[in-house]
Amino acid sequence: MHLSSIPMRSGFLISPSYPDCFRLGFLPNGKTRSVGVVSRRRRSPRASLSSDPLLIQAARENPVSRPPAWMMRQAGRYMAVYRKLAEKYPSFRQRSETIDLIVEISLQPWRAFRPDGVIIFSDILTPLPAFGVPFDIHEVRGPIIQSPICDEEGLKCLHPIDLDKLQFVGESLKILHGEVGNKAAVLGFVGAPWTIATYIVEGGTTRTYTTIKRMCHTAPHVLKALLLHLTQAISDYIIFQVKSGAQCVQIFDSWGGQLPPNVWEQWSKPYIKQIVSSVRKECPQTPLVLYINGNGGLLERMTETGVDVIGLDWTVDMADARRRLGSSVNVQGNVDPAYLFSPHSVLTDEIHRVVKCAGRKGHILNLGHGVLVNTPEEAVAHFFDVVRSLSYDTLFEDDMATKELEPLSTL
Ligand SMILES: O=C(O)CCc1c2[nH]c(c1CC(=O)O)Cc1[nH]c(c(CC(=O)O)c1CCC(=O)O)Cc1[nH]c(c(CC(=O)O)c1CCC(=O)O)Cc1[nH]c(c(CCC(=O)O)c1CC(=O)O)C2
């Protein structure tokens, strides 16, 4: 399975830096056309599989020589404009379920920093009421599920996802797509069944996951029924997001890393795999990214889900991840979000290091998890400025030059 292209600010096409994995070209007229790959050697781009003159010309005019970049949680509380808006609309559910507010908040980081992706402002819990699980988000306590599910009786509240109740998501994606055109990718996202189940079973955020982990042994049939229900609902929801305008969808199994790897194999992986296979049938071109927080023990296993991109948290060294996964697996990440609190020069060096370790192909630059509350906005701006000024040629040529000089310096 291949990724489709992620449109860049310059116009349309990312294929030059992703010869193996991007095969949809975004043409300057805004239409998408399926093409072969366009590869680029040094500074002379050439088409290898595509003979479409428009694409070849466009590739020449818009050489892409850096990874695309966006940030998890790139909208939200660290931004002053968001905090101001949150004063006026104090309920998170209102902010994330009203079309005008969703569009406005999603575009705040786009206007301020021009990332290559615009992520819809939403939450992994947003679809819950549409299949029978009401929730709220409390300012201090975080998500709260009014009626956690702990037994067979609890399962009775579940019903198939009613996508009419999520029209605000569909409409917002459509509007965002229209707003950013082919200058950036529009990204949707969902929580993975295991991660969503932690909230539904525990009743909210937990530090220990003991209730749901116990359930694996005391009521496996209940947990399995819940996860199967979530699998169907989340698959339908991803397809709905794609049909509404999402060009790439991130699956957050944020709490999958809380499980021992063999338990993740049993209670998370099969459900994600099922989602990937259902989505593929309907939307074969849409890249799916899988992120797990604390995924060092799961990297190889994550590829077995069939997703296109493996999201890395910052506890995995990018070079190690590349070694372990092989260069044909696409990766996303993984600058430690705490670097955004350090001097800009330190952040610059870290971005360069991560990009060098990731290599020239199949890498989406991102943080290793979401932007932290209180992150200085100037640091986020600096992150994207550095990305924009990146050039693989310069970055890797410097390395080559150093290597070539090495024998001389030993004389
Ligand atoms: O994040 C918190 O600290 C507060 C509560 C919390 C929320 N969802 C939650 C949690 C964590 C938990 O307690 O389990 C639960 C939640 N939401 C999300 C994840 C996935 C993850 O980050 O690993 C998770 C689980 C893991 C985690 O929180 O790190 C995803 C999410 N929520 C949200 C966004 C969108 C965005 O921020 O741009 C996104 C990410 C989209 C992406 O990057 O592709 C939005 C969101 N949800 C929420 C908030 C805070 C409340 C507010 O603005 O009034 C906010 C806004 C913000 O982060 O500043 C509520």
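Here is a short set of notes to help you find your way around this predicted model.

1. Some ground rules come first. Residues are numbered from 1 along each chain, following the sequence as written. Because the model is predicted, local features need pLDDT of at least 70 and side-chain atom pairs count only at pLDDT 80 or more, while totals for chains, interfaces and linings use all residues.

2. A good place to begin is the sheet. It is an open one of 7 strands in the order 5-8-9-10-11-12-13, with parallel pairing. Here helices (H or I, at least four residues) and strands (E, at least two) are DSSP runs numbered from the N terminus, and two strands pair if DSSP finds at least two bridges between them. Strand 5 (117-119) and strand 13 (363-367) stand at the edges with a single partner strand each, so one side of each has no neighbour in the sheet. From one strand to the next, the twist averages 25°; axes are lines fitted to C-alpha atoms, for helices over the stretch in contact, and angles run from 0 to 180 degrees between N-to-C directions.

3. Within that sheet, look at strand 8 (residues 185-191) beside strand 9, where 5 bridges join the two in the parallel sense. One pair to find is F189 with its bridge partner Q250 in strand 9.

4. Strand 6 (residues 135-138) and strand 7 offer an antiparallel pairing over 4 bridges. The two form a hairpin with 3 residues between them, and I137 has P143 in strand 7 as its bridge partner.

5. Now for the ligand. Its surroundings comprise 22 residues, of which M72, G76, G142, T205 and S254 come nearest; a residue is near a molecule or strand if its C-beta atom, placed from the backbone, lies within 6 Å of it. Strand 7 (142-145) and strand 9 (248-252) each give at least two residues to this shell. By class, the shell has 11 nonpolar, 8 polar and 3 charged residues, where Ala, Val, Leu, Ile, Met, Phe, Trp, Tyr, Cys and Pro count as nonpolar, Asp, Glu, Lys and Arg as charged, and the others, Gly among them, as polar.

6. Helix 4 and helix 6 (residues 167-180) pack at about 40°, with axes 9 Å apart. They are therefore oblique to each other (under 35 degrees is roughly parallel, over 145 roughly antiparallel, 65 to 115 roughly perpendicular and the rest oblique). The contact includes I102 and W110 of helix 4 and F168 and I175 of helix 6, contact meaning C-beta atoms, placed from the backbone, within 7 Å. Its residues divide into 9 nonpolar, 2 polar and 2 charged.

7. Helix 14 (residues 344-358) and helix 15 (residues 377-389) also pack at an angle of about 40°, with their axes 10 Å apart. On the helix 14 side, H344, L347, T348 and I351 meet A379, H382, F383, V386 and V387 of helix 15. This contact has 6 nonpolar, 3 polar and no charged residues. Helix 14 also lies across strand 12 (330-335) and strand 13, running at about 160° to strand 12.

8. Two backbone details deserve a look. A cis peptide bond joins G333 and N334, with omega of about -10°, and N334 sits in strand 12. R114 is not a glycine, yet has a positive phi of about 50°; you will find R114 in the loop between helix 4 (99-113) and strand 5.

Notes:
Two residues are in contact if their C-beta atoms, placed from the backbone, lie within 7 Å.
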